[in-house]
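Here's a structure to look around in. Take a moment with it before reading on.

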Amino acid sequence: MKLYNVKLLTITCEILAQKNIIEILKNHEITGYTTYEVDGNGARGLRGQGFKNEKNVKVEVIMREEKLSDIVEEISRTLFANFAIVLYVSDIDVVRTEKF
Amino acid sequence: MKLYNVKLLTITCEILAQKNIIEILKNHEITGYTTYEVDGNGARGLRGQGFKNEKNVKVEVIMREEKLSDIVEEISRTLFANFAIVLYVSDIDVVRTEKF
Amino acid sequence: MKLYNVKLLTITCEILAQKNIIEILKNHEITGYTTYEVDGNGARGLRGQGFKNEKNVKVEVIMREEKLSDIVEEISRTLFANFAIVLYVSDIDVVRTEKF
Amino acid sequence: MDILQLIQSNLLTPIILFFLFGIIAARIKSDLKIPEAISEFLPIYLLAAIGLHGGIEMRNTGFENMLIPMLVAIGLSLLFTLNHYQILRRLGKFNIFDSYALASTYGAVGAVTFSVGLSFLKNQGVSSEGFLAAILAVLEPVAFILAIFLTNMTVSKQIKAKKKYFTSDDTSDIEIGIQGAKTKLSQVLHESITGKAIVILLGSIVIGYIIGEDGFGSIKIVFDEMFTGAIVIFMIEMGIIAGQRLDDIKKVGIFLTAFAVIMPTFNGIIGVLVATAMGLSLGGAVMFGLLLASASFIAAPAVLRHAIPQAKPSLYITSALGITFPYNIIVLLPIMFTISSIVHTGEGSIDLFDYIIKDWI
Amino acid sequence: MDILQLIQSNLLTPIILFFLFGIIAARIKSDLKIPEAISEFLPIYLLAAIGLHGGIEMRNTGFENMLIPMLVAIGLSLLFTLNHYQILRRLGKFNIFDSYALASTYGAVGAVTFSVGLSFLKNQGVSSEGFLAAILAVLEPVAFILAIFLTNMTVSKQIKAKKKYFTSDDTSDIEIGIQGAKTKLSQVLHESITGKAIVILLGSIVIGYIIGEDGFGSIKIVFDEMFTGAIVIFMIEMGIIAGQRLDDIKKVGIFLTAFAVIMPTFNGIIGVLVATAMGLSLGGAVMFGLLLASASFIAAPAVLRHAIPQAKPSLYITSALGITFPYNIIVLLPIMFTISSIVHTGEGSIDLFDYIIKDWI
Amino acid sequence: MDILQLIQSNLLTPIILFFLFGIIAARIKSDLKIPEAISEFLPIYLLAAIGLHGGIEMRNTGFENMLIPMLVAIGLSLLFTLNHYQILRRLGKFNIFDSYALASTYGAVGAVTFSVGLSFLKNQGVSSEGFLAAILAVLEPVAFILAIFLTNMTVSKQIKAKKKYFTSDDTSDIEIGIQGAKTKLSQVLHESITGKAIVILLGSIVIGYIIGEDGFGSIKIVFDEMFTGAIVIFMIEMGIIAGQRLDDIKKVGIFLTAFAVIMPTFNGIIGVLVATAMGLSLGGAVMFGLLLASASFIAAPAVLRHAIPQAKPSLYITSALGITFPYNIIVLLPIMFTISSIVHTGEGSIDLFDYIIKDWI
Ligand SMILES: Nc1ncnc2c1ncn2[C@@H]1O[C@H](COP(=O)(O)O)[C@@H](O)[C@H]1O
Ligand SMILES: Nc1ncnc2c1ncn2[C@@H]1O[C@H](COP(=O)(O)O)[C@@H](O)[C@H]1O
Ligand SMILES: Nc1ncnc2c1ncn2[C@@H]1O[C@H](COP(=O)(O)O)[C@@H](O)[C@H]1O
Ligand code: NA
Ligand code: NA
Ligand code: NA
């Protein structure tokens, strides 16, 4: 089965920043993503205890390389300063590139 | 510590297709996998609101390259048409290849 | 946007081993990680039914290559024998290496 | 009290108001949500309460007189399912898969609708036969099994027919589409019967029967007195989910929208009349009608998605939850209650149709 | 009964004791935790119960006399928010963002505090005006909207000012820091008003008003009798969260710690006196005071994190939950009750300040 | 009423029936499940209710007379744990780790079993001493601490012994296997004592003691009247989990299966007799016996998995939940009740053993 190389962008951030991220994705015409709640620890301390609003969320986006740089740049610029957030990019192979 | 290269197959699909996927894995003699519920958005719209049956699930399977192609092919053939589903493959390194 | 290559260590293990893992990370001066509960199947049978203590958890750690080998070695040595556990390493790209 | 008045007074009960409130909350895009664990637990709780109640009643009244109503219910359910299919396929021009899925969604029963019905009767100070809970349990899988059986038959026939034309190995394309339909009937049967709704309902009926009124005392506060409060909480979530789906109703189309209102009305009224003819009480006839009028929107997707994966869940969930459910609990329930009241004040089954013609048509 | 005695007897109620227990459990690093689904559901439940109760009361007593107290509450809330800002910015030397965030956290209201207040009054055998639930709902967004509006104004001014100096394209750095503040007010307004707390509260008030005492009967056990028990469970979790944050109080600093005690006391007592002057009952005046004294720690982060992301949540959540909340429910509530008792036994508003001076200062 | 009759009537209570129902649901592979949040919350709720109840009772009756029963319970628990170890290691041929883990699982107490016991007594119209809740809390960590202490001792000895033979650096293999056992005792002690079960139980006892009957009034409906209903819901889940593990019982082996029935019977009857000799009431003696008879299946894994990771949880969870728990609540509870009734109608401790011999053996 032929597989095609694309990128997977994974963002782990506080749950209240999820809206901002999905907004940014939308501005770059990306509507496919997967999200789930996680706990975590980092520079801004332990997250996931206490109120639900203080949990983290992971947002995973399969996308073509072309859009990646702009999106990473916009997230870094608008969210890194004020939110608990970490992002990374990995190489993955998919069956149907036309979906992304 | 010596690491060995194997494949990680990640399937994100509607929760009601999980059974089908695990059935397919079983048919290919794979019994190790990890699953968790996620929300998502894609061609079939926002998923994760409403009834639990309308959530998504991620199924992750570490496996040797040999079996990968057949499994991806069978999932594509039997599930892509009727279910909300996305899959991708990545390269990973593990300690104990004999487990997979 | 310039991205830097680092490692992502992913550990899937029974929830009661999470403490041990975070202890090991701490001993290697790593305080950043992400965790979430998952279900799974493997050599030690189906996990995720029954009591919460019998679920699995995934621990994901972004780290520099230098520390990886020691940590993988210590986890293998202390936990592989007695706990349901699987780990793997992948290559990822991040924006701010100084965070890890 | 005439029908309109009854509809109005029903509309102003907490159950209906909180359902409408949920719809509004969803429409204004509020982030209000009943946590998943709670809204997964509530149907289990409601069914346990219904079952216990039914079992205790059956212990008091015996269950010999349950057999005929149950067989009639099964028969009507099968008939109605076939009838739905014909209407949807012929008049509605839906494809086979959607037709069977919808036919069985409306042939099946809705446990939440049943709960609301019980509360409605309680509110009217009217009781109903305990064995109706057992009929609810038995009726659950009936329509699904029929629809799945027929779908498989049709699909098998199609495969054979197509194989005649091609007789090559290149039929993979066709097979991809219909693969899912070849689900073994036995598997679906097992899944339906061991589905959590049926299991908790049947189990609770048996337990209710065993423990009786006395054994129930210590758990009565949880499984009886809190019942309506629990429904209210569940109705908020049902309203929210229905509200989120309102946009999808456009996709459902005029035909299915009409179907989702007319069919339950027809089935329900038939149910009330037949139940009355079989000697069920005023309240029992209403619940019997409601069983036949209700559509399944929780159990259906779980079964149909596996058995008929080609059918579009957006069709059957949306019409069952978004149209039929509110219609049933707001409008049809008072209608059926009025009809049942009328035919029950009559001198028996001889005058039955007279009354209907005089008062209703 | 003098204040100290009342504080002591209040301290020994299940609500307060389980809160303190939660704090201790967190301090000894116990793994005790109320599951997330339960602790997410409980505020929804509490607000529904408060709303229903308020709505039913309003049906009994009418709501014409609600207008003036509501407008006064809004006015005071706005005044207090501005006052907080001045104190925090001038005396406390906090930056603009933290100042506005804290000012509105303390200008806003706390639904949990309100619940505890109602239970406190019930315990004292005193009732309060039903329309206070409506004031709770209306007051929620008021302080936020003011603070966000002013933040945006300030930020816009700053941007303009800075642009004068640079007039180059290189202002990106500045913009990064203040980008978040440019949140459109309309969006925050929508988010605030459709926030789950307000929606369930307003919805339940309306439903309570419609169904009245009669319609409430069937759900009374769940939405009235279980109320205090439910608060107790919620207080365990609040105690745990507060306990986990106790270490953060050091970071909060002495100034904010003092602010978190003095400000609510001032606002609350003003509230009691003003309410009494407007003719509210003994209990009503206490609840009115509590509305003004309380700080928001559930709704605040959700709104402020989006609207003023530069503000540190560790400041406003910690001070509101870790200091003001316990102070309010343990100490201030009895104080306000005593004051309200005193001014309500007086012969009217003329003697009002006499009493206060004589008995309290 | 003789034992068989009592067992039968106990079997037909909602608690036992819903437990059996859960087992059946699991065996027929139903997807029925109580959502995790609910089944995590219920033990917390049950322990809070038990604690409050115990605390209130202790306020009424004082707790001076608690000391001796508590010390005796601790002593018996330690003795029994050592006894279990000898039996398991010598007769059962289990390895050290499994032997200690099982010994302490059966030496520890089961909070759910205790809840069921209270409900059983309530059903029989018999009360028990409030301080038994305190004994439950204190007994929880005792057996674990002993077992972990002894495991560590044994392992240290083994390490030393093996070092004598090898005296090389190549002992890594051995150390891998026994590394986990070197857990510092102090850490396990802290974990045990701050475990959620003990914390909520002790906290609630203290709060119950402080508030007394009066303060309890407002939360009585939640923490008393709903108690049995809540157990019923929890028993469904316990049944399901037990049912899922039934297959594992084969792996448990005949020896452990016999152990899981005989040992609790022995411990429990000793408990009833000793309690009676100490002057506890009929119900109190039953609960005292139940404490000693019960095995821990919720707290045990959490503690033992860290302290003795080499022990197989499939052994100790399966035998405790799958065999001992059902046996205890279905069969042993009525047996102990009958014995306690007999020895309590006697004229005192002198005739004690006469009665037993006459009536039971
Ligand atoms: N090294 C890391 N590996 C994995 N996840 C991390 C790491 N550092 C931070 N995170 C995640 O990112 C969130 C925000 O990080 P921070 O902004 O550093 O507090 C944390 O709560 C974790 O969930
Ligand atoms: N581009 C994407 N990146 C990550 N996840 C996706 C993407 N597209 C779809 N998904 C996930 O796959 C599910 C099914 O996708 P679809 O079939 O396109 O509706 C969605 O609900 C998402 O959870
Ligand atoms: N091949 C695999 N792919 C993905 N996850 C696995 C695999 N094998 C095991 N796991 C996960 O690791 C856990 C422990 O594995 P085991 O020790 O083999 O029982 C399982 O419960 C799964 O969650
Ligand atoms: Na039907
Ligand atoms: Na305020
Ligand atoms: Na024991």
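What follows walks through a ligand site, a metal site and some cysteines.

This is a predicted model, where local features need pLDDT of at least 70, side-chain atom pairs count only at pLDDT 80 or more, and totals for chains, interfaces and linings use all residues. Residues are numbered from 1 along each chain as its sequence is written, chains are lettered from A and ligands numbered from 1 in the order in which they are written, and side-chain values use heavy atoms, leaving out hydrogens and water.

Let's start at ligand 2. Residues from chains A and B surround it, so the two chains share this site. Around ligand 2 sit 20 residues (a heavy atom within 4 Å), and A:Ile62, A:Lys99, B:Ala43, B:Arg44 and B:Asn56 come nearest. That shell divides into 8 nonpolar, 7 polar and 5 charged residues. Now for some polar contacts (N or O atoms within 3.5 Å): a nitrogen atom of ligand 2 lies 2.8 Å from a polar backbone atom of A:Ile62, while a backbone N or O atom of B:Ala43 is 2.7 Å from an oxygen atom of the ligand. Of the 480 Å² of accessible area (Shrake-Rupley method, 1.4 Å probe) that ligand 2 has on its own, the protein covers 96%.

Next, hop over to chain F and the sodium ion (ligand 6). Its protein donors (N, O and S atoms within 2.8 Å of a metal, or 3.2 Å for Na, K and Ca) are F:Tyr106 (O), F:Ala108 (O), F:Leu292 (O) and F:Ser294 (O), at 2.4 to 2.8 Å. F:Leu292 counts as buried (under 20% relative accessible area, 1.4 Å probe, protein chains only) because its relative accessibility is 3%, and F:Ser294 is buried too, at 1%.

Finally, the cysteines: A:Cys13 is buried at 0% relative accessibility, and C:Cys13 is buried with 0% as well. Disulfides (pairs of cysteine sulfur atoms within 2.5 Å) come to 0 over all chains.

Note on methods:
Buried means under 20% relative accessible area, exposed over 50%, partly exposed in between (1.4 Å probe, protein chains only). A polar contact is a pair of N or O atoms within 3.5 Å; within protein, one must be able to donate a hydrogen and the other to accept it, and residues adjacent in sequence count only if both atoms are side-chain atoms. Ala, Val, Leu, Ile, Met, Phe, Trp, Tyr, Cys and Pro count as nonpolar, Asp, Glu, Lys and Arg as charged, and the others, Gly among them, as polar.
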